[in-house]
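User: Could you take a close look at a single helix in this model and explain how its buried residues are covered, then place it beside the other buried parts of the chain?

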Amino acid sequence: MNPASFLKEFDTILFDMDGVITSERTYWDCAALSSVELAFDKRYFGTKTLNLAQMGQQAQEVADRVFCGDDTIVLLKNYGVNTNWDLAYLMFAGILGLDCGEDFKKVYDHYKQVDLRVPDLYTHAEELLQAALPDKDCARLGEIWTMVQVAFNEWYCGSEGFRETFGYEASDSDKQAMMQGEEPLHSLAQTQELLKTLHTAGFRLGVGTGRPREEFRRPAENWDIMQYFEPSLCITYDELAAVQKKFQHVSLAKPHPYTFAKAVLGDSCSDFELAHGKYDKKQMEKVLVVGDAGADLFAAKEMGAKFAAVLTGVNGQASRTFFEVQGADFILNSVLNLIEA
């Protein structure tokens with residue numbers, strides 16, 4: 001196996017993780033479960049006592065109903081939504097703010113009609129929630145968003161794993177660890193061969209992901225692929241969140257390019273310069289960003305890097321037209337097309 005010929009103009013390759021190297025299906029299940037829990041359980045903003053153990057066992061069926069198949073996920077990702085915490089926040093805002101009960105298609109129809117890109121979409125979600133919860137901080141990264149994030153993390157880690165990871169008890173002891181079912185998007189042998197080939201050929205490999213560092217580290221070590229990434233080129237949600245506190249007026253999550261730009265430029269630029277795009281974009285000429293979503297493409301374009309879209313995200317091959325219209329530099333069936341026989 002050798003690197004694909006079109007890679008000759010690059011020396012650095014930055015990967016998004018979910019939908020590229022890792023499957024995102026587990027995260028989508030957690031987003032659905034957490035939005036339903038907060039909207040309908042009486043411990044939060046509902047009137048019911050939900051059977052959380054049963055919900056966990058039926059996670060895929062719950063997600064299928066909540067996201068109208070995958071239609072709502074496709075729509076929101078095309079608007080630039082990147083993290084699955086934000087996906088859960090937007091879904092919860094729609095359910096509660098529109099008072100639609102379990103008619104989840106109303107949420108899809110509403111977001112399709114308003115047709116707002118990130119970050120304006122988050123402002124709209126805040127307004128929906130504020131009407132339903134006038135005494136709460138409903139802004140993205142505020143009180144309600146954090147509540148959604150915690151519920152999501154409980155589902156992902158499970159009640160026991162949540163206590164071990166975060167140091168305090170989950171809100172309920174019946175949540176199973178959804179992360180136990182996480183698998184690489186392609187076979188482990190193919191994933192290892194891909195990264196080994198690129199690394200051996202001299203490419204600097206990194207990651208720009210909305211995952212917390214532990215949720216990147218755990219599968220990367222379990223799958224024996226961490227060795228192929230340069231530590232300084234791996235930026236996760238943890239690094240972004242630490243800096244985000246300084247810039248409350250600017251969302252640094254993708255589609256903002258901070259995650260990828262920080263990986264490339266490191267400490268050669270200040271956080272202020274990275275947050276406000278005050279760096280020489282010529283430094284990105286040999287950088288290729290590989291992603292499956294609009295947020296990745298918009299971030300790469302804004303910082304001056306080339307972008308390779310992979311058609312393994314939520315919309316599969318149907319996303320080709322989207323990436324063509326948005327000007328992706330390369331469109332690949334999968335990340336495996338970065339190498340060839």
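Analyst: The buried residues of helix H10 are covered by elements that include H1, H8, strand S3 (204–208) and strand S4 (234–235). In this predicted model, helix H10 spans residues 213–222, and its buried residues are Glu-215, Phe-216, Pro-219 and Ala-220. These four lie on the same side of H10, because they cover an arc of only 120° around the axis. The helix is followed by Asp-224, whose phi is positive, near 60°.

Two of the covering elements, H1 and H8, also appear among the elements that give two or more residues to the largest nonpolar core, where they are listed as helix H1 (25–40) and helix H8 (143–166). That core holds 62 residues, of which Phe-67, Leu-90, Tyr-111 and Leu-129 touch the most other members. Among the other elements that give it two or more residues are helix H5 (84–97), helix H6 (105–114) and helix H7 (120–132). Leu-129, taken on its own and without counting residues up to four places away in sequence, touches Tyr-89, Phe-92, Ala-93, Leu-96, Cys-138 and Ile-144. In soluble globular proteins, nonpolar side chains tend to be buried together.

A buried residue can also be found in a loop: Ser-334 lies between strand S7 (330–332) and strand S8 (339–340), and Ser-334 counts as buried because its relative accessible area is 10%, with the cut-off for buried set at under 20%. Leaving aside neighbours within four places in sequence, Ser-334 is in contact with His-186, Val-310 and Thr-312.

Key
Residues are numbered from 1 along each chain as its sequence is written. This is a predicted model: local features need pLDDT of at least 70, side-chain atom pairs count only at pLDDT 80 or more; totals for chains, interfaces and linings use all residues. Side-chain values use heavy atoms; hydrogens and water are left out. A nonpolar core is a set of buried Ala, Val, Leu, Ile, Met, Phe, Trp, Tyr and Cys residues joined through side-chain atoms within 4.5 Å. Buried means under 20% relative accessible area, exposed over 50%, partly exposed in between (1.4 Å probe, protein chains only). Contact means heavy atoms within 4.5 Å. The arc is that of the directions from the helix axis to the C-beta atoms.
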